Amino acid sequence: MKYRPADVALAVKRLQYRHHRALSHALAPLGLSLVQWDTLRHLHRQPDASLHDLAVLTFQTDQSFGSLATRMADRGLIERVPGPGRAVKHRLTPEGARLRAAGQDAVDAVVTSSFRTLSTAQLDQLGELLDTALGPDPTA
């Protein structure tokens, strides 16, 4: 065995950390943190998402995401609208949509550069291997 599972896990974590640093740097000129841009991305894909759903998608607790959503609403990036019962839904504002698109360009540049040494076939293989390793979500 050339790679022990712990070594592969560490390599995945190191790549994630590298991406996090580079993405934070790329998004800073837009006035966005990585978690703010990630929120905009998820709301673009899932309009009317609940606070809990967005917290899960952005790897936040409900409480920390609630604070983030309030700050983003105050900045005019998202709006919070009443849902059924006590639920609150979230939507992008035009400014949030604009920053999401601009951020997507920055994110695409970072990850394209990060994987530039892989061929298309290798990138597909890596994606398939990660999909296999992740498997179905046992908590879903």
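Colleague: Among contacts in the chain between residues at least 6 apart in sequence, what share joins residues at least 24 apart?

Modeller: Contact here means heavy atoms within 4.5 Å. In this chain, 50% of the contacts between residues at least 6 apart in sequence join residues at least 24 apart. Please keep in mind that this is a predicted model.

Colleague: Happy to. How many helices and strands does the chain have, and which pattern does it follow along the sequence?

Modeller: There are six helices and three strands. Reading along the sequence, you meet them as α-α-β-α-α-β-β-α-α. As for extent, the C-alpha atoms fill a box of roughly 55 × 35 × 25 Å along the principal axes.

Colleague: Which residues does the UniProt domain annotation cover?

Modeller: The UniProt record, an unreviewed entry, annotates residues 25-123 as "domain: HTH marR-type". Such annotations may be inferred rather than shown by experiment. In this model the span is 61% helix and 12% strand, and its end C-alpha atoms lie 24 Å apart.

Colleague: Let's go inside. What part of the 140 residues is buried?

Modeller: Buried means under 20% relative accessible area. By that cut-off, 25% of the 140 residues in the chain are buried. In soluble globular proteins, nonpolar side chains tend to be buried together. Here the largest nonpolar core holds 21 residues, and those with the most contacts inside it are L27, L32, L40, F65, L77 and I78. Helices α1, α2, α3, α4 and α5 each supply at least two residues of this core.

Colleague: Could we take one core residue as an example? With which residues is I78 in contact, leaving aside its neighbours within four places in sequence?

Modeller: I78 is in contact with L40, L43, A69, M72, A73, H90, R91, L92 and T93, once those neighbours are set aside. L40 is also among the core residues with the most contacts.

Colleague: And T58: buried or exposed?

Modeller: T58 counts as buried because its relative accessibility is 4%, under the 20% cut-off. T58 sits in the loop between α3 (51-57) and α4 (62-74). Apart from neighbours within four places in sequence, T58 is in contact with V35, D38, T39, H42 and F65.

Colleague: D38 is in that list. Which residue forms a salt bridge with D38?

Modeller: To read a salt bridge, look for a side-chain nitrogen of Lys or Arg within 4 Å of a carboxyl oxygen of Asp or Glu. The partner of D38 is R41, with the closest N and O atoms 2.3 Å apart. Both residues belong to helix α2 and are three residues apart, about one turn of the helix. D38 is buried, at 9% relative accessible area, whereas R41 is partly exposed, at 23%.

Colleague: How many salt bridges does the structure hold?

Modeller: There are four. One of them joins R91 and D48, whose closest N and O atoms are 2.4 Å apart. R91 lies in strand β3 (residues 88-92) and D48 in the loop between α2 and β1 (49-50), so this pair ties together parts that are 43 residues apart in sequence. R91 is partly exposed, with 34% relative accessibility, and D48 is also partly exposed, with 29%. R4 and D7 also meet in a salt bridge, at 3.3 Å from N to O. D7 is partly exposed, with a relative accessible area of 33%.

Colleague: Now the outside. What area does the chain expose, and what share do carbon and sulfur atoms supply?

Modeller: The exposed area is about 9,600 Å², with 58% supplied by carbon and sulfur atoms.

Colleague: Which residues form a nonpolar patch on the surface?

Modeller: Y3, V8, V12, L130 and L134 form one, with about 500 Å² of accessible area together. Helices α1 (5-27) and α6 (120-134) each supply at least two of the patch residues. Y3 comes from the segment before α1. Y3 counts as exposed because its relative accessible area is 54%, and exposed means over 50%.

Colleague: One last residue. Where is P82 placed?

Modeller: P82 is in strand β2 (residues 78-82). P82 is exposed, with a relative accessible area of 75%. The C-alpha atoms of P82 and S50 are separated by 10.0 Å, and these two residues are 32 residues apart along the chain.

Methods. Residues are numbered from 1 along each chain as its sequence is written. This is a predicted model: local features need pLDDT of at least 70, side-chain atom pairs count only at pLDDT 80 or more; totals for chains, interfaces and linings use all residues. Side-chain values use heavy atoms; hydrogens and water are left out. Patches are made of residues with over 30% relative accessible area and no salt bridge: like charges are joined within 9 Å, nonpolar side chains (Val, Leu, Ile, Met, Phe, Trp, Tyr) within 5 Å. Accessible areas come from the Shrake-Rupley method with a 1.4 Å probe; for residues, only the protein chains shown count as cover. Helices (H or I, at least four residues) and strands (E, at least two) are DSSP runs, numbered from the N terminus. Buried means under 20% relative accessible area, exposed over 50%, partly exposed in between (1.4 Å probe, protein chains only). A nonpolar core is a set of buried Ala, Val, Leu, Ile, Met, Phe, Trp, Tyr and Cys residues joined through side-chain atoms within 4.5 Å.
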